[in-house]
Amino acid sequence: MSNELLLFRELSVRRGDFLLDRISFSVNRSEITAIIGKSGSGKTVLLETAAGFFRPCSGGVYLNSIPVCDIPVEQRKIGYLYQDYGLFPHMTAGANIGYSLKLKHISDSEIRKQVEFMAQRFGIAHRLNQYPGTLSGGEQQRVALARALMTRVPLLLLDEPFSALDPVTKKELYRLIREIREEFQCAVLFVTHDFEEAIQLADRIGVLIDGKLHGIVPASELFTADWDEDVNRFLGITK
């Protein structure tokens, strides 16, 4: 079996005047990959296309070598964590976590069992009966992660996952994401504007500027790689 899990092949997506232009890269199994870029560079469009919210105008997205652009969102086996967490405010934390299993018509007793397991794993068992509005940002993040992983997806997409959190909570969640990668054997693709966040968490980092991917390098080489002038300017590298 190939080590390649997710593949973007010459992917182009148009949204109004914006063009995500011929994106090609892969994410390996159990790898954490970061794409960094400014607001408006196309980071979220890239993730949402992989998740199934947008159709490409050319190229494709492949999961386990299977083209997914014609597969419905709910059948793609991809977890997606929104920047604002996307929790249902009228549902308790427990109901949010178990929502995907409810859609699969799994019995209430089995859902309760699995929700309790995930809540224990994510340290939020004491919050299951609370509503999202009563939880801290870090607790909401944990609920959202538990929900995204409930069906044991092989790929987790994270959109600016830590931008609203304080430094201490961020470090706790960096550790949690690494543990998730090992325990659930899932790959993680996340987008961020934070260089330090990408370096601390990712195995590899790509740079996206104005809809164009300028390459992907090992995280340790972000500031030493042979980038073009646009990337050097974005990273603040003077040569």
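## Helix 1, two cores and two pockets

In helix 1, the buried residues are Lys-43, Val-45, Leu-46, Leu-47, Glu-48, Thr-49, Ala-50 and Ala-51. That leaves this helix, which spans residues 43-51, mostly covered, with 8 of its 9 residues buried. Keep in mind that this is a predicted model. Below is a quick tour of helix 1, the nonpolar cores and the pockets.

**Helix 1 and what follows**

- Among the buried residues of helix 1 are Lys-43 and Glu-48, as well as Leu-46 and Leu-47.
- Right after helix 1 comes Gly-52, and its phi is positive, near 110°.

**The nonpolar cores**

- As background, nonpolar side chains tend to be buried together in soluble globular proteins.
- The largest nonpolar core here has 53 residues.
- Which of its members touch the most others? They are Ile-97, Phe-122, Leu-145, Leu-149, Ile-177 and Ile-180.
- Take Ile-180: leaving aside residues up to four places away in sequence, Ile-180 touches Phe-122, Leu-145, Leu-149, Gln-185 and Cys-186.
- There is also a second, separate core of 28 residues, including Ile-23, Phe-25, Val-68 and Leu-157.

**The largest pocket**

- If you're hunting for pockets, the largest one has a volume of about 710 Å³.
- A set of 22 residues lines the largest pocket, and those nearest its centre are Val-73, Glu-74, Ile-78, Gly-79 and Ser-100.
- Three elements each put at least two residues into this lining: strand 6 (78-81), helix 3 (99-103) and helix 5 (137-149).
- Strand 6 is the top contributor to the lining of the largest pocket, giving 4 residues.
- Sorted by class, the lining of the largest pocket comes out as 14 nonpolar, 4 polar and 4 charged residues.

**The second largest pocket**

- The volume of the second largest pocket is about 160 Å³.
- What lines the second largest pocket? You'll find Gly-37, Lys-38, Ser-39, Gly-40 and Ser-41, then Leu-208, Ile-209 and Asp-210, and finally Asp-230, Arg-233 and Phe-234.
- Strand 9 (204-209) and helix 8 (229-235) are the elements that give two or more residues to this lining.
- Helix 8 gives the most to the second largest pocket, with 3 residues.
- The class split for the lining of the second largest pocket is 3 nonpolar, 4 polar and 4 charged.

Methods:
Residues are numbered from 1 along each chain as its sequence is written. This is a predicted model: local features need pLDDT of at least 70, side-chain atom pairs count only at pLDDT 80 or more; totals for chains, interfaces and linings use all residues. Side-chain values use heavy atoms; hydrogens and water are left out. Buried means under 20% relative accessible area, exposed over 50%, partly exposed in between (1.4 Å probe, protein chains only). A nonpolar core is a set of buried Ala, Val, Leu, Ile, Met, Phe, Trp, Tyr and Cys residues joined through side-chain atoms within 4.5 Å. Contact means heavy atoms within 4.5 Å. On a 1 Å grid over the protein atoms alone, a cavity is a set of points where a 1.4 Å probe fits but cannot get out, and a pocket is an open set with protein on both sides within 12 Å along at least five of seven lines; lining residues have an atom within 4 Å of a point. Grid points are joined across faces, edges and corners, and a volume is the space filled by probe spheres set on the points. Ala, Val, Leu, Ile, Met, Phe, Trp, Tyr, Cys and Pro count as nonpolar, Asp, Glu, Lys and Arg as charged, and the others, Gly among them, as polar.
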